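Got the viewer open? Let's take a short walk through the model, selecting one piece at a time.

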Amino acid sequence: MPPTAALQPLDLIYTAGPVTKRFHEDVVSRVKLLIGPFGTGKTTAAGWDLIMLASQRVKKSKDGVRRSRFAVIRNTWPQLRDTTIKTYTNWFPELYFGKYTVTDHKYLIRQKGWEVELIFKALDEPESVRDLLSLELTGAHFDEVREIDETIFTHLMGRTKRYPSKKETGDENSFLTTPQVVLTTNYPSTQHWLYKKFVETPLDGYTIYEQTQAENSHNLHPDYYTDLERDFADRPDMLRTLVRGQWGVTVMGRQVYTEFRRETHVSKKPLKPMRTTVIRGWDNTGLSPACVITQLSPTGQWLILKEFCGEDVGILDFTEMVVSWCNQAFHQGVFYKDYCDPAGKARQSNLKSPADYMKQLGIMVADGIQDFKIRREMVAKRLTYNPNGEPAILVDPSCTTLIDGFEGGYAYPQIGSSGVYKPEPAKNRYSHIHDALQYPATKLLWTPPVDQTRLKLPSIGIV
Ligand SMILES: Nc1ncnc2c1ncn2[C@@H]1O[C@H](COP(=O)(O)OP(=O)(O)OP(=O)(O)O)[C@@H](O)[C@H]1O
Ligand SMILES: [Mg+2]
């Protein structure tokens with residue numbers, strides 16, 4: 001319903017933060033993703049984008065009214081009802097903007113010269129999904145898109161750019177600019193389809209807008225983020241994605257290193273190579289070779305300077321890459337110690353072993369200890385040891401696979417859905433670099449258990 005004389009004017013003040021402003025100004029992308037920590041104004045921004053901006057970028061229908069239609073989608077009905085619809089109707093109250101129909105979850109906004117139809121859809125009912133995929137839409141908003149299946153998103157793309165039709169506007173192209181699909185979400189893991197589509201291999205016409213806690217903090221309680229930091233202190237995975245706003249790790253099972261703390265064990269600044277011995281750890285078996293480049297500081301702190309994670313690459317090419325990086329990074333006369341999986345020395349029939357190939361490039365690898373319990377223990381000991389208040393292991397921030405693995409990517413897989421976990425970690429993209437880290441740990445940091453029988457002293461026979 002349009003404002004009437006009896007109504008007080010609506011005091012609708014919306015000031016977008018810096019990232020959100022750029023998000024609104026983008027009229028070129030086909031899909032724009034607004035991503036950030038809790039409470040940065042993402043859902044609000046999407047509502048504004050659709051209702052106040054995108055709705056004005058369609059051509060007028062023959063009767064002189066601009067008409068647009070958007071689907072607003074959320075994973076489940078309770079989430080849609082309790083948060084997304086509430087945000088939309090709080091910012092754009094029915095009294096001033098139009099009519100929300102509870103039975104079919106539609107909001108028809110009617111203003112002078114323009115109309116917007118919002119169709120709210122939750123994906124937890126098959127019927128609702130069927131309906132959604134038969135709509136003729138201008139664009140759409142996926143709220144908390146990290147919870148939504150990629151197939152639904154892709155299918156829905158085919159339902160957009162279809163309203164208003166040529167028939168309604170009498171024009172070949174009914175749109176003044178490209179109709180857009182808007183996505184809002186907290187950060188998912190780097191394994192998520194969003195990461196692949198927007199970061200890893202960005203698709204043409206897909207743009208990401210990344211907010212920080214600062215984006216909307218002036219509209220939140222002053223203690224909002226400090227309190228959340230405390231509340232999520234024992235859930236580093238959620239602290240990182242939901243509170244701090246960074247891409248996370250999907251924990252598939254039980255984390256191997258619960259002792260790891262990002263704020264303690266990841267260096268705030270890049271670590272600098274020193275002139276001391278370089279200790280390298282290798283996982284040189286299989287087609288995903290991995291290598292860590294490390295050094296011990298004068299105070300005994302184990303510094304992990306660099307990681308190399310190969311995918312579908314032979315050991316010779318991989319080793320060459322590592323060697324050439326080291327030649328550039330370290331002083332010429334520096335010594336190297338190399339440790340690897342003893343299995344890397346195994347030959348198949350008359351073929352060369354991975355260690356033989358490495359030897360060709362001048363690398364003589366020593367065996368680490370293969371026993372998984374010892375390997376884990378040696379690294380875990382470093383994680384819990386803080387001599388002089390300094391962590392005994394410090395990782396360069398560039399080692400993202402290693403860090404993500406520490407935070408839960410490297411995990412014991414569950415046996416079915418039994419709640420019971422296998423005793424050894426799953427082989428995945430995090431396990432190779434962690435294997436590589438463990439071999440030198442077993443040699444540098446492990447002292448074999450003392451044989452008690454040999455320690456027995458003759459009794460002195462004090463009476
Ligand atoms: N531009 C703005 N001006 C004033 N208040 C705003 C603005 N943007 C958001 N807010 C307010 O900030 C709070 C958080 O907004 P919103 O729910 O849109 O954030 P969100 O990023 O979607 O949160 P979540 O991560 O929980 O989904 C709400 O109270 C909202 O009304
Ligand atoms: Mg939201």
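Select helix α2, residues 42-53, together with ligand 1: this helix gives the largest share of the shell around the ligand, three residues. Keep in mind as you look that the model is predicted.

Now widen the selection to the whole shell. Which residues come nearest to ligand 1? Of the 14 around it, they are Gly41, Lys42, Thr43, Thr44 and Asn219. Try colouring the shell around ligand 1 by residue type: you'll get ten polar residues, three nonpolar and one charged.

Next stop: strand β10, residues 278-283. Is this strand mostly covered or mostly open? Mostly covered, with six of its six residues buried. Turn on the side chains. In a regular strand, side chains alternate between the two faces of the sheet. Here, Val278, Arg280 and Trp282 point one way from β10, while Ile279, Gly281 and Asp283 point the other way, and all are buried.

Leave β10 on and look for its partners. Add strand β11, residues 290-296: the two pair in the antiparallel sense over six bridges. To check the register, pick Val278, which stands opposite Gln295 in β11. Then follow the chain through the hairpin of β10 and β11, where six residues lie between the strands. Stop at Gly286 in that hairpin, which takes a positive phi near 80°.

Last, add strand β13, residues 336-340. How do β10 and β13 run? They run parallel, joined by five bridges. Click on Gly281 and you'll find Tyr339 of β13 standing opposite.

Terms used:
Residues numbered from 1 in each chain as written. Chains lettered and ligands numbered in written order. Predicted model: local features only at pLDDT ≥ 70, side-chain atom pairs only at ≥ 80, totals over all residues. Near = placed C-beta within 6 Å. Helix = DSSP H or I, 4+ residues; strand = E, 2+ residues; numbered from the N terminus. Nonpolar A, V, L, I, M, F, W, Y, C, P; charged D, E, K, R; others polar. Buried ≥ 20, exposed ≤ 12 C-beta atoms within 10 Å, placed from the backbone. Pairing = 2+ DSSP bridges.
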